[in-house]
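Trainee: I am new to this structure. Please take me through one part of it closely, step by step.

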Amino acid sequence: MSLIDLHTHSTASDGSFPPKEVVRLAKEGGLKAIALTDHDTIDGIPEAMAAGARWGVEIIPGVEISAHFPGGTMHVLGYFIDYTNGLLDERLAVLKQARADRNPQIVAKLNALGIPLTMEQVVRVSGGGQVGRPHIARALLEAGYVSTTQEAFDKYLRNGAPAYVEKFRFPPRDALAMIREAQGVPVLSHPFTLELGSAYALKNTLLELKDLGLAGIEVFYSDHSREQEALYLKLATELGLLVTGGSDFHGQNKPEVALGTMPSQRKVTYKLVEALREWQQENINHR
Ligand code: AMP
Ligand code: FE
Ligand code: FE
Ligand code: ZN
């Protein structure tokens with residue numbers, strides 16, 4: 001049936017498996033194609049492409065960029081990006097620097113709260129890629145300061161908690177533009193995290209995003225209810241947006257989510273990949 005997964009993370013960001021291991025798991029799970037969509041980085045892609053060639057799994061070079069969206073969380077997926085594009089690399093470097101500045105500030109806040117965690121402990125659990133809050137949560141767990149990573153978020157790390165530190169994010173317009181400039185197809189991740197409250201508000205936001213270049217929305221997702229899935233499918237049809245699906249696999253850093261699994265899994269087939277590619281051919285000028 002040619003099943004696929006268009007949303008996965010590796011140790012290049014906050015997944016627990018290196019890119020080549022994610023690809024091997026895709027092979028084991030019988031997936032025809034996966035997109036590697038690490039947060040704010042494309043550093044894992046060359047390794048994933050090489051492993052894909054070796055295991056016979058098609059790898060769609062991707063990325064998931066965090067955008068500034070007060071009141072909620074906006075992530076934009078980019079598919080079929082030219083990961084050799086220098087401009088994309090430059091923009092992502094800005095986000096990497098923002099993380100590098102922020103992580104020690106979070107650790108300093110934890111220290112001030114009486115938790116003697118060090119950056120060294122955090123980096124040790126990160127697997128060598130970009131460091132983020134999930135790694136800090138893991139380090140807090142491993143050092144015995146919390147009993148679950150969720151507790152680490154709830155007590156210290158979530159937006160508004162005592163050790164939270166803001167991080168620079170590009171506005172949605174720029175996040176979409178940087179994907180399109182790298183020949184990619186921009187898709188809104190897990191729309192519920194925008195926290196828009198009503199279908200009407202979501203529709204209006206999707207219309208605005210479409211004007212800014214959005215191509216599709218993630219309809220099938222591990223945390224979507226059947227109702228959310230149905231709503232997003234309806235909005236995609238009404239607004240002429242592409243439909244994608246992915247698990248948001250993070251390995252051991254999100255153990256309840258397995259690669260290639262989401263409600264309506266059997267609808268997440270290679271047809272979605274073909275539609276992405278067609279959109280790219282029709283809408284992006286290849287230079
Ligand atoms: P960062 O990019 O360092 O800000 O970390 C963001 C990641 O932390 C997200 O991709 C989620 O996986 C995780 N995260 C953010 N907020 C929460 C929360 N309230 N509970 C659990 N995980 C969260
Ligand atoms: Fe993540
Ligand atoms: Fe996301
Ligand atoms: Zn993700």
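Mentor: Start with the spacing of the donor residues of the zinc ion (ligand 4), which reads H-x1-H-x54-E-x183-D along the sequence. Donors here are N, O and S atoms within 2.8 Å of the metal (3.2 Å for Na, K and Ca); water is not among the atoms, so sites may look incomplete. This is a predicted model, where local features need pLDDT of at least 70, side-chain atom pairs count only at pLDDT 80 or more, and totals for chains, interfaces and linings use all residues. Residues are numbered from 1 along each chain as its sequence is written, chains are lettered from A and ligands numbered from 1 in the order in which they are written, and side-chain values use heavy atoms, with hydrogens and water left out.

Now the zinc donors by name. They are His 7 (NE2), His 9 (NE2), Glu 64 (OE) and Asp 248 (OD), at 2.0 to 2.2 Å from the ion. The four donor atoms subtend angles of 80 to 172°, so the arrangement is irregular. Four donors count as tetrahedral if all angles lie between 85 and 135 degrees; four count as square planar and six as octahedral if opposite donors are over 155 degrees apart and all others between 65 and 115; anything else is irregular.

The zinc ion (ligand 4) sits 4.8 Å from the iron ion (ligand 2). His 7 lies in strand 1 (residues 4-8) and Asp 248 in the loop between strand 7 (242-246) and helix 10 (270-283), so this pair ties together parts 241 residues apart in sequence. Helices (H or I, at least four residues) and strands (E, at least two) are DSSP runs, numbered from the N terminus.

His 7 is buried, at 0% relative accessible area. Asp 248 is buried too, at 4%. Buried means under 20% relative accessible area, exposed over 50%, partly exposed in between (1.4 Å probe, protein chains only).

Next, Thr 8. This residue is also in strand 1. Thr 8 is buried, at 0%. Its side chain reaches the backbone oxygen of Ala 35 at 2.8 Å.

Glu 64 leads to another metal. The iron ion (ligand 3) has as protein donors Glu 64 (OE), His 75 (ND1) and His 190 (NE2), at 2.2 to 2.3 Å. His 75 in strand 4 (residues 74-79) and His 190 in the loop between strand 5 (185-188) and helix 8 (199-211) link parts of the chain 115 residues apart. His 75 is buried, at 14%. His 190 is buried, at 4%.

Definitions and conventions: Polar contact = N/O pair within 3.5 Å; in protein donor to acceptor, adjacent residues only side chain to side chain.
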